[in-house]
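Me: I am new to this structure and would like a close look at one part of it. Could you take me through a single sheet and then show me what lies around it?

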Amino acid sequence: LKFDEGGGDTVIEKESSHRYLIDGCKSYWKKGVSGTALAFDGYESQIRIPSSEVPTLDHFTLQAWVSLGAYPYNWAPIIHQSEWRDKGFYLGVDATGRIGFKLQSGTWKELTTLYELPLRQWVQVTATYDGKEMKIFVNGKEKGSLEALELPEFSTSDLIIGRNSHKFIPFNPVRIYC
């Protein structure tokens, strides 16, 4: 998905020419690194690709250009196909701007960078899994790695871009009961 549509409520997947709906209250289009970019609101907007249309993965690379307008309340996904801490994979950003890549490989493996994303600046985020190791790169520079030797256990849920499939309690809330 290139997000170069510049308007409307659908995006086109380049290889299949399939159109996917942008769910949420309104589709927000902004200036991107080249062309346009889709701005996710962090609450409702998402792109959902049915699991039946997601290719079978073993070794894979996830890559996105991101620009945060604000830090999220807790983990916010860039892209995931997961049942949190049970199956699948998850690439996202935490409440302090750190990038996390999570994968079910024997156990739920969590790789989180010490690097924190800047606000309002485009950054290329890449996560790779080669069958032995998970890695995170920022603008082409490695920011962390973690051994993951067992075959991944992938989720059969839909692949989601921009929104969690479950609710999180805010990180460091002012009132702990909220």
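Reply: Follow the order S6-S11-S12-S13 and you will trace an open sheet of four strands, paired in the antiparallel sense. Please keep in mind that this is a predicted model. At the edges of this sheet stand strand S6, residues 60–66, and strand S13, residues 141–147, and each of them pairs on one side only. From one strand to the next, the twist averages 15°. As general background, strands of a sheet pair through backbone hydrogen bonds, either parallel or antiparallel.

Let us begin at the S6 edge. S6 and S11 run antiparallel and are joined by seven bridges. One place to look is Phe-60, which stands opposite Tyr-129 in S11.

Now move to the other edge, where strand S12 (residues 133–138) meets S13. These two also run antiparallel, with six bridges joining them. Here you can pick out Ile-136, whose bridge partner in S13 is Gly-144. S12 and S13 form a hairpin, and two residues lie between them. Asn-139 sits in that turn and has a positive phi of about 50°.

Next, look at what comes just before S11 in the chain. The loop between strand S10 (107–116) and strand S11 (123–129) holds Trp-122. Is Trp-122 buried or exposed? Its relative accessible area is 31%, so Trp-122 counts as partly exposed, a term for values between 20% and 50%. Trp-122 also belongs to a nonpolar patch on the surface, together with Val-33 and Trp-65. The three residues have about 290 Å² of accessible area together.

The loop with Trp-122 also leads back to S10, and S10 belongs to another open sheet, one of eight strands. The order there is S1-S2-S5-S14-S7-S8-S9-S10, and the pairing is antiparallel. Strand S1 (10–12) and S10 stand at the edges of that sheet; each has a single partner strand, so one side of each is left without a neighbour in the sheet. On average, neighbouring strands of the eight-stranded sheet are turned by 20° against each other, direction ignored.

To finish, rest your eye on the S10 edge. Strand S9, residues 98–105, pairs with S10 over seven bridges in the antiparallel sense. If you would like a landmark there, find Gly-100: its bridge partner in S10 is Thr-112.

Conventions: Residues are numbered from 1 along each chain as its sequence is written. This is a predicted model: local features need pLDDT of at least 70, side-chain atom pairs count only at pLDDT 80 or more; totals for chains, interfaces and linings use all residues. Side-chain values use heavy atoms; hydrogens and water are left out. Patches are made of residues with over 30% relative accessible area and no salt bridge: like charges are joined within 9 Å, nonpolar side chains (Val, Leu, Ile, Met, Phe, Trp, Tyr) within 5 Å. Accessible areas come from the Shrake-Rupley method with a 1.4 Å probe; for residues, only the protein chains shown count as cover. A salt bridge is a side-chain nitrogen of Lys or Arg within 4 Å of a carboxyl oxygen of Asp or Glu. Buried means under 20% relative accessible area, exposed over 50%, partly exposed in between (1.4 Å probe, protein chains only). Two strands pair if DSSP finds at least two bridges between them. Axes are lines fitted to C-alpha atoms, for helices over the stretch in contact, and angles run from 0 to 180 degrees between N-to-C directions.
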